[in-house]
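Student: I would like a close look at the aromatic rings of this protein, and after that at the surroundings in which they sit. Please take me through them slowly and in a connected way.

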Amino acid sequence: MSRTTERKTIVLILIMMLLLPSAASAAIPIPVTLLTGETNEPLRIVLSEPEFKKLSQFDENRTEQLNRLIRHAGIDLNIDRNCSKTKILIDNDEVFSYLQNDDAERIYSFEPAVIYQEKTNGEETDSDDFVLFLEQFLVKANGYINDFYMLFAAAPEAFAERTRNEGTELRLSGFGKAVQRMTITFPADYVKENFPKVLSDLTKSEECREIISGLIFSGAQKISLLYDAEGKLVRINYDGTVGESEETLRKVSLVWKVLREDEHQKDSISLKTPAIKGADKDNIALEREIDSSDSALGKYMWDIQIDHRAGKEDKKQTHFSAQLTDADSVISGNMEYNIKRDGKNPKTKVYMEVREEKAGEYKGTIEIADYSGKIEKNRILIHSLLQKGEAVKWPEAGLTKAETARNNEIDPKNEPEDTIAGIIIQKLFELPEEDLTYFSNEIPASMWLELVH
């Protein structure tokens with residue numbers, strides 16, 4: 001193979017390596033259960049027939065050439081709690097697969113006894129990434145809401161000797177009417193001697209307990225709980241000075257309106273955390289409603305605004321919203337993720353519609369558009385299948401850790417990417433020649449013949 005041909009092959013490898021993660025990331029926002037984080041059942045998501053409606057760097061002809069190629073590609077993802085299995089497909093045939101766990105370790109089908117670490121020490125993560133927000137904030141926030149609700153609900157009984165009970169009359173629009181107030185006060189000396197243990201002991205969630213145990217509480221703290229005539233919580237207030245260390249103490253103020261019924265949950269949360277010294281802050285306003293009380297129309301809504309400031313330069317505003325409905329066996333709606341930082345305003349919009357074709361199996365489409373401000377840059381349409389998945393198990397024995405170049409600055413031949421790209425390129429070259437014009441368009445005819453024969 002000539003050096004020019006070799007360079008072209010490397011370009012093809014790089015293109016395919018870029019396509020894989022962008023397609024895989026689209027899997028995250030499909031079902032409502034993945035947004036709430038409340039499912040314990042395995043889920044199977046199949047993404048196929050991707051089609052770019054717009055690519056800012058390509059004209060219509062070049063975009064069509066790319067679409068003729070990538071329409072053959074697909075991803076079959078099976079998610080089971082802390083482990084997943086991903087199959088890369090060409091024309092519905094498996095090209096290769098890999099297992100991945102929560103530690104970002106991967107085991108590839110072509111090296112089934114070798115573990116590759118995908119996240120490396122020192123590797124920077126884009127904190128503005130949409131998928132990272134869904135994984136690290138949205139899904140976790142839904143879990144934290146349930147965990148901390150149970151903690152506050154248990155507080156009056158746990159601290160009966162510190163609880164003052166009095167009548168009140170306060171109407172909270174959309175949440176009911178409060179008729180009883182319970183106020184729990186913790187003097188500074190009690191806090192110093194007993195916090196955070198007395199709070200962490202109230203939760204049954206290991207993750208919640210770990211979070212509380214890692215905090216420092218300073219000075220007096222107060223919990224105020226409002227109940228309706230049926231004894232249901234309708235508002236939670238918390239005020240105190242809290243931080244991860246003495247140097248990072250924040251004045252925390254929580255106002256949380258809450259509705260808890262069997263088929264209707266609603267939350268309105270305002271969390272303000274200004275620093276004791278300086279202008280740093282991380283303020284969160286969160287609205288959530290999960291309403292399945294009407295058997296003919298389910299409604300699901302999230303609206304999250306985060307105002308972050310650290311020092312003079314690090315300022316960021318984040319806004320996420322989602323509105324989904326479930327009517328006549330069709331789940332449809334949209335999501336929007338928007339960042340304002342350093343004068344830039346990137347935005348991602350997701351549109352989805354999936355229909356339940358048989359019990360527990362949904363088919364439909366997802367459309368993802370990226371914007372810079374109001375200008376649409378890219379848009380892709382992906383066909384999707386969602387159904388109950390199969391159990392995925394991580395092998396426990398007979399495995400070795402790969403020493404990759406990214407981790408240990410050794411020979412990069414130990415990386416799996418070259419093997420992956422070679423497998424994909426070989427499979428793509430089996431496609432009809434008219435679907436390979438994206439590759440052959442700018443390559444001399446003699447060189448193209450050398451590649452495909």
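Tutor: What follows begins with the aromatic rings and then moves on to a pocket and several individual residues. The model is a predicted one, and every value below is computed from it. For orientation, the protein chain has eleven helices and 20 strands, and buried residues make up 43% of its 453 residues. Among the contacts in the protein chain with a separation of 6 or more, 51% come from residues 24 or more positions apart.

The structure holds 18 aromatic pairs. One of them joins Phe96 and Tyr108, whose ring centres are 6.5 Å apart and whose planes meet at 45°, so the pair is tilted; an angle counts as tilted when it falls neither under 30 degrees, which would be stacked, nor over 60, which would be edge-to-face. Phe96 belongs to strand E4 (residues 93-101) and Tyr108 to strand E5 (residues 105-108), so this pair ties together parts that are twelve residues apart in sequence. Phe96 has a relative accessibility of 2% and therefore counts as buried, and Tyr108, at 3%, counts as buried too, because the cut-off for that term is under 20% relative accessible area. A further aromatic pair is formed by Phe186 and Phe195, with 5.1 Å from centre to centre and 65° between the planes, an edge-to-face arrangement. Both Phe186 and Phe195 are buried.

Returning to the tilted pair, Phe96 and Tyr108 are members of one aromatic cluster that also contains Tyr98, Phe110 and Tyr116.

Phe195 deserves a second mention, since a cis peptide bond joins Phe195 and Pro196, with omega at about 5°. Pro196 is found in the loop between helix H5 (188-194) and helix H6 (197-200).

Aromatic rings also appear here beneath charged groups. The charged end of Arg162 sits over the ring of Tyr190, 3.9 Å from the centre of that ring, and the charged end of Arg260 sits over the ring of Tyr149, 4.9 Å from the ring centre.

From the rings we can turn to empty space. The second largest pocket has a volume of about 1700 Å³. It is lined by 39 residues, of which Tyr144, Ile211, Leu271, Thr273 and Ile284 are the closest to the pocket centre. Helix H4 (residues 130-158) gives the most to the lining of this pocket, with eleven residues. Sorted by class, the lining of the second largest pocket comprises 26 nonpolar, eight polar and five charged residues.

Two partly exposed residues show how positions separated in sequence come together in space. Ser218 lies in strand E9 (residues 216-227), and with a relative accessible area of 29% Ser218 is partly exposed. Ser218 and Val242 are 24 residues apart in sequence, whereas their C-alpha atoms are 6.2 Å apart in space. If residues up to four places away in sequence are not counted, Ser218 touches Thr241 and Leu249.

Leu297, by contrast in its setting, is found in the loop between strand E13 (281-291) and strand E14 (298-310), and at 29% relative accessibility Leu297 counts as partly exposed. Leu297 and Thr325 are 28 residues apart in sequence and 6.8 Å apart in space, taken from C-alpha to C-alpha. Again leaving out residues up to four places away in sequence, Leu297 touches Asp291, Thr325, Asp326 and Ala327.

Finally, two aspartates have backbone angles that can be checked in the model. Asp328 has a positive phi of about 50° although it is not a glycine, and the place of Asp328 is in the loop between strand E15 (314-327) and strand E16 (330-340). At 68% relative accessibility Asp328 counts as exposed, because the term applies over 50%. Asp342 likewise has a positive phi, of about 55°, although it is not a glycine. Asp342 lies in the loop between E16 and strand E17 (346-358), and with a relative accessible area of 62% Asp342 is exposed.

Terms used. Residues are numbered from 1 along each chain as its sequence is written. This is a predicted model: local features need pLDDT of at least 70, side-chain atom pairs count only at pLDDT 80 or more; totals for chains, interfaces and linings use all residues. Side-chain values use heavy atoms; hydrogens and water are left out. Rings of Phe, Tyr and Trp (its six-membered ring) pair if their centres lie within 6.5 Å; planes under 30 degrees apart count as stacked, over 60 as edge-to-face and the rest as tilted. Helices (H or I, at least four residues) and strands (E, at least two) are DSSP runs, numbered from the N terminus. Buried means under 20% relative accessible area, exposed over 50%, partly exposed in between (1.4 Å probe, protein chains only). A charge sits over a ring if NZ of Lys or CZ of Arg is within 6 Å of the ring centre and within 35 degrees of the ring normal. Contact means heavy atoms within 4.5 Å. On a 1 Å grid over the protein atoms alone, a cavity is a set of points where a 1.4 Å probe fits but cannot get out, and a pocket is an open set with protein on both sides within 12 Å along at least five of seven lines; lining residues have an atom within 4 Å of a point. Grid points are joined across faces, edges and corners, and a volume is the space filled by probe spheres set on the points. Ala, Val, Leu, Ile, Met, Phe, Trp, Tyr, Cys and Pro count as nonpolar, Asp, Glu, Lys and Arg as charged, and the others, Gly among them, as polar.
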